[in-house]
Amino acid sequence: MANVTIRNAIKSYGPLQVLHGVSLAARDGEFVVLVGPSGCGKSTLLRMIAGLESITDGEIDIGGRVVNDLEPKERDIAMVFQSYALYPHMTVRDNMAFSLKLSRQSRADIEAAVNRAAAILGLEPLLDRYPRQLSGGQRQRVAMGRAIVRNPAVFLFDEPLSNLDAKLRVQMRGEIKALHARLGATMIYVTHDQMEAMTMADRIVVMRDGRIEQVGSPLDIYDNPANSFVAGFIGSPAMNFVQGVVVREPELALRDDEGTKWPLPQGDDALVGRSVILGIRPEHVALSEVGLSGILRDIEPTGSETHLKVQIGQTAVVMLTRQRLTVPVGTPVQVQLDTDHIKLFDQNTGLRLQ
């Protein structure tokens with residue numbers, strides 16, 4: 001296993017720069033997830049680690065070796081792709097053994113490595129099947145098995161679950177986490193799905209426009225987002241945002257463009273007169289006997305919880321409850337915010353203020 005250290009990595013395609021001085025360290029045995037919207041540079045960064053994309057400037061260090069100029073096969077990594085990339089004319093056994101045959105390992109060593117990986121992934125009954133005879137989840141396990149047999153220092157995953165249905169994605173998330181626990185390997189995983197990032201990572205790296213916005217544990221990023229982008233990207237349903245000016249009339253509040261006053265934590269008069277963004281997560285908003293007046297616009301039952309959308313002036317606030325509500329859409333309601341969980345962000349920079 002190995003550390004992966006990226007120092008000021010820059011990637012350009014001609015005049016277009018897509019990574020802007022990215023620095024990151026994945027510790028030995030750590031599960032790091034790169035997450036962000038499409039086009040943020042996360043897959044490009046992963047492919048640079050793998051050697052499938054050249055680095056324009058900066059350094060990539062794997063296990064104490066700068067690998068900028070090394071071919072992928074010399075970097076001691078294994079990569080699992082979104083598309084599985086299995087050879088259709090080969091059996092599961094031959095797909096998993098292929099890279100070992102290319103490296104001219106002995107038949108006994110190849111058989112031992114394939115059998116070990118098959119046992120880890122529950123593939124023993126499938127070794128003589130062809131990819132066309134497998135489900136999507138089984139094919140993805142074969143792709144992981146092909147990586148495991150190489151016993152690499154670092155595993156790289158490029159959105160490996162995006163082709164699977166929702167139920168199978170949940171199952172495969174568990175299998176990949178179990179694989180990490182069993183192997184103790186360094187893993188770097190790319191996804192656009194923030195739920196995958198939250199449930200799988202030791203640390204999350206949130207990216208936007210070729211830059212890292214925040215690095216931290218899942219709950220630290222959820223509870224303490226560095227800026228409004230991270231706050232809105234991590235979490236489902238997403239955080240609610242309201243723009244306005246901080247006033248004291250007589251209590252501290254946020255006054256939006258319509259004149260509605262939203263409650264704020266008390267005590268920080270330094271923010272009075274400042275243009276800010278109020279952020280609060282749906283689980284910290286509740287129906288109440290007193291509070292902000294609004295109209296219930298939508299009810300979305302999901303089974304274990306219910307998502308409500310309440311219109312307060314021109315602002316739609318999403319809230320989350322475990323109650324089974326029978327209130328009809330269109331009913332006037334009162335909404336209360338838990339001010340202990342309000343986050344404030346600067347309107348110009350998006351940076352968190354508290």
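Let me start with the largest pocket of this predicted model, which holds about 650 Å³ of space. Its lining is made up of 21 residues, and those that lie nearest the centre of the pocket are K73, I77, A78, S99 and R150. If you follow the lining along the secondary structure, you will find that β6, at 77-80, α2, at 92-102, and α4, at 136-148, each supply at least two residues, and that the largest share, four residues, comes from α2. In terms of residue class, this lining divides into 14 nonpolar, three polar and four charged residues.

Now, please keep helix α2 in view as we turn to the second largest pocket, since α2 and α3 each supply at least two residues of the lining there. The space in this second largest pocket is about 170 Å³, and the largest share of its lining, five residues, comes from α3. Among the residues that line the second largest pocket are R93, D94, A97 and K101, and also R107, I110, E111, V114 and N115. The division by class here is three nonpolar, three polar and five charged.

Helix α3 also brings us to a piece of helix packing. How are α3 and α5 set against each other, and how far apart are their axes? Helix α3, residues 107-121, packs against helix α5, residues 166-183, at an angle of about 130°, and the two axes are 11 Å apart. An angle between 115 and 145 degrees falls in the oblique range, which means that α3 is oblique to α5. On the α3 side the contact is made by R116, A119, I120 and L121, while α5 contributes L179, R182 and L183. Sorted by class, this contact of α3 with α5 has five nonpolar and two charged residues, with no polar ones.

From the open pockets I will move to enclosed space, where the count comes to one cavity of 30 Å³ or more. Its volume is about 40 Å³, and the residues lining this cavity are N240, F241, V242, W262, L278, I280, V317 and L337. Strands β11, at 240-248, and β14, at 275-280, each supply at least two of the lining residues, with β11 giving the largest share, three residues. Seven of the lining residues are nonpolar and one is polar, and there are no charged residues in the lining of this cavity.

Let me finish with the backbone, where the general background is that most residues other than glycine have a negative phi, and most peptide bonds are trans. Where does this model have cis peptide bonds around β11? One cis bond joins S236 and P237, with omega about -5°, and P237 sits in the loop between α8, at 228-233, and β11. Another cis bond joins E249 and P250, with omega about -10°, and P250 has its place in the loop between β11 and β12, the latter at 252-255.

As for phi, I would point you to the loop between β6 and α2, where Y84 is found and where A85 is found too. Phi of Y84 is near 70°, a positive value in a residue other than glycine, and phi of A85 is likewise positive, near 55°. Are these residues buried or exposed, or somewhere in between? The relative accessible area of Y84 is 11%, so Y84 is buried, whereas A85, with a relative accessible area of 37%, is partly exposed.

Definitions and conventions: Residues are numbered from 1 along each chain as its sequence is written. This is a predicted model: local features need pLDDT of at least 70, side-chain atom pairs count only at pLDDT 80 or more; totals for chains, interfaces and linings use all residues. Side-chain values use heavy atoms; hydrogens and water are left out. Axes are lines fitted to C-alpha atoms, for helices over the stretch in contact, and angles run from 0 to 180 degrees between N-to-C directions. Angles under 35 degrees count as roughly parallel, over 145 as roughly antiparallel, 65 to 115 as roughly perpendicular and the rest as oblique. Contact means heavy atoms within 4.5 Å. Ala, Val, Leu, Ile, Met, Phe, Trp, Tyr, Cys and Pro count as nonpolar, Asp, Glu, Lys and Arg as charged, and the others, Gly among them, as polar. On a 1 Å grid over the protein atoms alone, a cavity is a set of points where a 1.4 Å probe fits but cannot get out, and a pocket is an open set with protein on both sides within 12 Å along at least five of seven lines; lining residues have an atom within 4 Å of a point. Grid points are joined across faces, edges and corners, and a volume is the space filled by probe spheres set on the points. Buried means under 20% relative accessible area, exposed over 50%, partly exposed in between (1.4 Å probe, protein chains only).
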